[in-house]
Amino acid sequence: MSGVEIVSQFLKDLIAFSTLIGLATLGELLNEKVGVLNLSIDGALWIGALMTFITAYFTGSITIAILVAIGSSLSIYLLFGYMTLVKNVDQVYTGVAINLICYGVCFYIYRSIFEWGIRDASPHINVSLSDIEIPYLSQIPIIGYMLFRQTILTYLFLFLIIPLIYFIIKKTIIGIIIKAIGEDPEKAETLGINVNRYRFIILMNAGILTGISSTMFVLYFSNVYLTEMVAGRGFIAIALIILGKWELIPTILACLFYSSLEALQYRVITLISGLFPYQFILMLPYLATIIALGAVGRKVKPPASLGKTRTRTK
């Protein structure tokens, strides 16, 4: 491969990885801007990825698999919302508990179907998300390969979801309400804003984004389900929000930073194969994120009500 081809493929992978992590991160960004700290992202990604794989395995339909994944992630977010917004259970404890439940449920379901049930030694799916080339634009050197030879999910993320979230936050009254709820929910409620209703709506939309994100694990980056494939990316999403200082554009840039390391590690592994354990390269994105978080994390101020349990005023 020529130098231009290597750079083009790296940038293409960067955008693909940023779609996976970005969808979940932007959903959580909206949650946190209204004061909801949802630590169950990891569990929702696990459930979504597993249900995507099972549905695609038995139906062969990408569309049905994506819809089932969205429904699965939504159910996790609904459970989190019910426990924290209705029953006023601590958000951190609830998120951690849901994650533990999801880990166990996914492990049990996968083994019960593919090891104890049909006994498929190497279950895999035969369908996947294909790259769609945009005529003319995809022929632009480097940029065309990077932006206009992607999956439909990446196009939705880049050209619909990001602009829509930006417009809502920056240009509408809803953005003002979101900020008001995140800073002082009690005062917002005295102004006639139904705080829990807004939090639930945003939580459900975040669940949809996380569900879409989870499908990419098995429909694009792999055709199998692995127990370690999510690899803590739900917690990385929260770290990226802190790096982005709870602002949309900086958070997107943080996602690109992390995704560039994800894309780079697979290039590096092929170059240093056999020289030293590849696990050192696999931990590079996480290590770099932790270092960056330690450098700037103490200097940022989150929404005032983030993670705080409250009882709705009568």
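In the predicted model, Ser-259 is buried, with a relative accessible area of 0%. This serine lies in helix α11, which comprises residues 248-272. Apart from its neighbours within four places in sequence, Ser-259 is in contact with Leu-14, Phe-17, Ser-18 and Ile-21.

The largest nonpolar core contains 81 residues. Those with the most contacts inside this core are Leu-26, Tyr-77, Ile-165, Phe-217, Tyr-225 and Leu-240. For Tyr-225, the contacts beyond four places in sequence are with Trp-46, Ala-49, Leu-50, Phe-53, Cys-106, Tyr-110 and Val-218.

Helix α2 spans residues 41-59. At 1.5 Å a residue, its 19 residues should extend over 27 Å, and the end C-alpha atoms are 26 Å apart, in agreement with that expectation. Of these 19 residues, 15 are buried, so α2 is largely enclosed by the rest of the structure. Just after α2, Gly-60 adopts a positive phi of about 70°.

A nonpolar patch is found at the surface, where Val-92, Tyr-93, Val-96, Leu-100, Tyr-103 and Phe-235 together make an area of about 570 Å². Helix α4, formed by residues 91-114, gives the most to this patch, with five residues. Tyr-93 is placed in helix α4 and is exposed, with a relative accessible area of 62%. Because an α-helix has 3.6 residues a turn, residues three or four places apart point the same way.

Terms used. Residues are numbered from 1 along each chain as its sequence is written. This is a predicted model: local features need pLDDT of at least 70, side-chain atom pairs count only at pLDDT 80 or more; totals for chains, interfaces and linings use all residues. Side-chain values use heavy atoms; hydrogens and water are left out. Helices (H or I, at least four residues) and strands (E, at least two) are DSSP runs, numbered from the N terminus. Buried means under 20% relative accessible area, exposed over 50%, partly exposed in between (1.4 Å probe, protein chains only). Contact means heavy atoms within 4.5 Å. A nonpolar core is a set of buried Ala, Val, Leu, Ile, Met, Phe, Trp, Tyr and Cys residues joined through side-chain atoms within 4.5 Å. Patches are made of residues with over 30% relative accessible area and no salt bridge: like charges are joined within 9 Å, nonpolar side chains (Val, Leu, Ile, Met, Phe, Trp, Tyr) within 5 Å. Accessible areas come from the Shrake-Rupley method with a 1.4 Å probe; for residues, only the protein chains shown count as cover. A salt bridge is a side-chain nitrogen of Lys or Arg within 4 Å of a carboxyl oxygen of Asp or Glu. The expected span of a helix is 1.5 Å times one less than its number of residues.
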